[in-house]
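Colleague: I am new to reading structures, and I would like to learn how the labels are earned. Could you take me through this one step by step?

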Amino acid sequence: MDFSQLEQKVKKSIDILKGRSSISRLLIGLSGGKDSLCLCELVKMAEITNVGYFNMEFLPDLRIQRDLLEYACHRFNIPYDDIIKIPSEHFMKCMHFSAYTWFSEQAKKDFPNLSRTDVFKTIAREHKGTIVTGVKKADSMMMSRMINKNRGICLYPMADWDLKDVLTFMKLRQIDIPALTKKGCRGIGISDDNDLFFILENYPDDFEKIEKVFPFVRAAVLKYKYFDLKRSMRII
């Protein structure tokens, strides 16, 4: 890899962070995933102290969420209790549309179909700062569109990075790669079957908590066991 290109991206990201921190408090999106860890490292390198941290929880009190955050808290000296914790828009959508649960008209009223932009606007207004996340254009076309849509609301200092940049930066800065990343997981939620497999295998108590809210979620796991059975019996 051409390390000079990564150095230029790091410098650009730090300059972006410093420029905004001179006029606004930075509210850092901290999931404990690889991108948010890199973002925290950039904030540390930029020596910015006018920051707050927020975490978008899928469900409260999941051990997998706490494990991810505690590594970040230890490395970057962030008090765990100071992290702002709010429901993710993914959770709100799952409740609104009755994903893996019984349909409920009341749920549609109690859990509005909020976008991430709506959530970010609320956080920025209530906590008086600029939202900063580690989202990259290379993540997906949807993320690229979101970056363009949210300019002015959010800051994306890593927008031009790609996965190779992230993993190389983590290695150079000796940042541990989260277990979810090693298993190819995207995050904590119920929209990705791979994420559910990881939670079931590594955090069975968390899976049970999720299942209490979304009682049909185990079907997403069982269907793959069925497909594996078909292959083992040479049906397909």
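Modeller: Gladly! Let us begin with Lys 136, which counts as buried at 2% relative accessibility. Please keep in mind that this is a predicted model.

Colleague: What makes Lys 136 count as buried?

Modeller: Buried means under 20% relative accessible area. Lys 136 has 2%, so the label buried fits.

Colleague: How do you know that Lys 136 forms a salt bridge with Asp 35?

Modeller: The closest N and O atoms of Lys 136 and Asp 35 are 3.0 Å apart. The rule asks for a side-chain nitrogen of Lys or Arg within 4 Å of a carboxyl oxygen of Asp or Glu, so the pair qualifies. Lys 136 lies in the loop between β4 (130-132) and α7 (141-149) and Asp 35 in helix α2 (residues 34-45), so the salt bridge ties together parts that are 101 residues apart in sequence. Asp 35 is buried, as is Lys 136.

Colleague: Which other salt bridge does Lys 136 make, and with what distance?

Modeller: Lys 136 also meets Asp 139, at 2.7 Å from N to O. Asp 139 is partly exposed, with a relative accessible area of 36%.

Colleague: Why is the contact between Asp 67 and Arg 63 called a salt bridge?

Modeller: Their N to O distance is 3.6 Å, and the cut-off is within 4 Å, so this contact passes. Asp 67 and Arg 63 are 4 residues apart in helix α3 (residues 63-76), which means about one helical turn separates them.

Colleague: Why are Asp 67 and Arg 63 called partly exposed?

Modeller: Asp 67 has a relative accessible area of 31%, and Arg 63 has 44%. Partly exposed covers the range between 20% and 50%, so both labels follow.

Colleague: How many salt bridges does the rule give?

Modeller: The count comes to 13. Some are linked: Lys 12, Lys 137 and Asp 160 belong to a network of salt bridges.

Colleague: What makes Asp 205 exposed?

Modeller: Its relative accessibility is 53%, and exposed means over 50%, so Asp 205 earns the word. Asp 205 sits in helix α11 (residues 204-213). The C-alpha atoms of Asp 205 and Ile 64 are 9.8 Å apart, although 141 residues separate them along the chain.

Colleague: Now the strands. In what order do they form the sheet?

Modeller: The 5 strands form an open sheet in the order β3-β2-β1-β4-β5, with parallel pairing. β3 (84-87) and β5 (154-155) are the edge strands, since each pairs on one side only.

Colleague: How do you know that β1 and β2 pair?

Modeller: Pairing needs at least two bridges, and 4 bridges join β1 to β2 (residues 51-57), so these strands pair. Leu 27 stands opposite Gly 52 in β2. From β1 the chain crosses through α2 to β2, in a right-handed β-α-β crossover.

Colleague: What joins β1 to β4?

Modeller: β1 and β4 share 3 bridges in the parallel sense. Ile 28 has Val 132 as its bridge partner in β4.

Colleague: Which way do the residues of β1 and β3 point?

Modeller: In a regular strand the side chains alternate between the two faces of the sheet. In β1 (residues 26-29), Leu 26 and Ile 28 point one way, Leu 27 and Gly 29 the other, and all are buried. In β3, Ile 84 and Ile 86 point to one face and are buried, whereas Lys 85 and Pro 87 point to the other and are not. Met 56 stands opposite Ile 86 in β3. The chain gets from β2 to β3 through α3, again by a crossover that is right-handed.

Colleague: Which residues touch the most other members of the largest nonpolar core?

Modeller: They are Leu 17, Ile 28 and Tyr 53, in a core of 32 residues. Helix α2 gives the most to this core, with 6 residues.

Colleague: What makes the nonpolar surface patch?

Modeller: Leu 163, Leu 167 and Ile 177 make this patch of about 220 Å². Leu 167, in helix α8 (residues 163-172), is partly exposed at 32% relative accessibility. Patch residues need over 30%, so Leu 167 meets that condition.

Technical notes:
Residues are numbered from 1 along each chain as its sequence is written. This is a predicted model: local features need pLDDT of at least 70, side-chain atom pairs count only at pLDDT 80 or more; totals for chains, interfaces and linings use all residues. Side-chain values use heavy atoms; hydrogens and water are left out. Buried means under 20% relative accessible area, exposed over 50%, partly exposed in between (1.4 Å probe, protein chains only). A crossover is right-handed if, with the strands pointing away from the viewer, the path from the first strand over the helix to the second runs clockwise. Patches are made of residues with over 30% relative accessible area and no salt bridge: like charges are joined within 9 Å, nonpolar side chains (Val, Leu, Ile, Met, Phe, Trp, Tyr) within 5 Å. Accessible areas come from the Shrake-Rupley method with a 1.4 Å probe; for residues, only the protein chains shown count as cover. A nonpolar core is a set of buried Ala, Val, Leu, Ile, Met, Phe, Trp, Tyr and Cys residues joined through side-chain atoms within 4.5 Å.
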